[in-house]
Amino acid sequence: MTAPKTILIGDRVRYESAAGTIRGEVVDIVDAMNAAGDIIPWIVIEHIMHNRPVRTRLADTALEMMKFKVIFRDIAIQKEVA
C-alpha cells in the first residue's frame with residue numbers, strides 16, 4: 001500500500017499510530033523543516049481525543065509507514081477552498 005498522491009485540506013483521513021487507529025480531518029498543509037534540516041510538507045490533522053479536539057502534524061515522508069489513507073473527500077468543500 002502506498003500513501004495517497006494528493007492530500008487536500010478538508011479530506012477525512014485514517015492512519016495508524018502508537019495511540020491506535022486515528023480518524024480525523026486535514027485542516028492545514030505547511031512546509032517546514034524536519035530533523036535533517038530539509039524543508040518538507042507537514043500534514044496537520046484535527047481529531048477528537050478524550051472529548052477534546054487535538055491537532056497532530058505528520059511528516060509527508062512518514063505517511064506510508066503509518067498506513068495513511070484518505071477515506072472521504074467532499075467535492076463541494078474542495079471547490080470552496082480553491
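User: Which residue of β3 stands opposite Ala32?
Analyst: Ile40 does. This is a predicted model.

User: What makes β2 and β3 a pair of strands?
Analyst: The number of bridges. A pair needs at least two. Strand β2 (residues 20-33) and strand β3 (residues 39-49) are joined by eight, so they count as paired. Their direction is antiparallel.

User: Which residue takes a positive phi in the hairpin of β2 and β3?
Analyst: Gly37, with phi near 90 degrees. Five residues lie between these two strands.

User: Why are β3 and β4 called paired?
Analyst: The same test applies: at least two bridges. Eight bridges join β3 to β4, so the pairing holds. These strands also run antiparallel. One of the partnerships is that of Val44 with Arg57 in β4.

User: What does the turn between β3 and β4 look like?
Analyst: The hairpin has two residues between its strands. His50, in the turn, shows a positive phi of about 55 degrees. Asn51 is found in the loop between β3 and β4. Its phi is positive too, near 60 degrees, although Asn51 is not a glycine.

User: Is Asn51 buried or exposed?
Analyst: Exposed. The label requires over 50% relative accessible area. Asn51 has 77%, so it qualifies.

User: What makes Lys67 count as exposed?
Analyst: Its relative accessibility is 52%. The cut-off is over 50%, so Lys67 passes. Lys67 sits in the loop between β4 and β5. Its phi is positive, about 55 degrees, in a residue other than glycine.

User: What places Arg57 over the face of Trp42?
Analyst: One criterion is that CZ of Arg is within 6 Å of the ring centre. Arg57 is at 5.0 Å from the centre of the Trp42 ring. Arg57 is recorded as lying over that face.

User: Why is the pair of Tyr15 and Phe68 called stacked?
Analyst: Two values decide. The ring centres are 6.3 Å apart, and pairing asks for centres within 6.5 Å. The planes stand at 20 degrees. Stacked means under 30 degrees, so the label fits. The structure holds one aromatic pair, and this is it.

User: Which parts does this aromatic pair tie together?
Analyst: Tyr15 lies in strand β1 (residues 12-17), and Phe68 lies in the loop between β4 (52-59) and β5 (69-72), so the pair ties together parts that are 53 residues apart in sequence.

User: Are Tyr15 and Phe68 buried or exposed?
Analyst: Buried, in both cases. The limit is under 20% relative accessible area. Tyr15 has 3%, so it is buried. Phe68 has 1%, so it is buried as well.

User: Which residues form the largest nonpolar core?
Analyst: There are 12 in all, including Tyr15, Phe68, Val13, Ile22, Ile43, Leu58 and Met66. β1, β2 and β3 each supply at least two residues of this core.

User: Which residues is Tyr15 in contact with, leaving aside neighbours within four places in sequence?
Analyst: Among them are the core members Ile22, Ile45, Leu58, Met66 and Phe68. Lys67, His47 and Thr56 also touch Tyr15.

User: What makes Asp11 count as buried?
Analyst: Its relative accessible area is 0%. Buried means under 20%, so Asp11 meets the definition. Asp11 is found in the segment before β1.

User: Which backbone nitrogen lies 2.9 Å from a polar atom of the Asp11 side chain?
Analyst: That of Leu8. The limit for a polar contact is 3.5 Å, and 2.9 Å falls within it.

Technical notes: Residues are numbered from 1 along each chain as its sequence is written. This is a predicted model: local features need pLDDT of at least 70, side-chain atom pairs count only at pLDDT 80 or more; totals for chains, interfaces and linings use all residues. Side-chain values use heavy atoms; hydrogens and water are left out. Rings of Phe, Tyr and Trp (its six-membered ring) pair if their centres lie within 6.5 Å; planes under 30 degrees apart count as stacked, over 60 as edge-to-face and the rest as tilted. Helices (H or I, at least four residues) and strands (E, at least two) are DSSP runs, numbered from the N terminus. Buried means under 20% relative accessible area, exposed over 50%, partly exposed in between (1.4 Å probe, protein chains only). A charge sits over a ring if NZ of Lys or CZ of Arg is within 6 Å of the ring centre and within 35 degrees of the ring normal. A polar contact is a pair of N or O atoms within 3.5 Å; within protein, one must be able to donate a hydrogen and the other to accept it, and residues adjacent in sequence count only if both atoms are side-chain atoms. A nonpolar core is a set of buried Ala, Val, Leu, Ile, Met, Phe, Trp, Tyr and Cys residues joined through side-chain atoms within 4.5 Å. Contact means heavy atoms within 4.5 Å.
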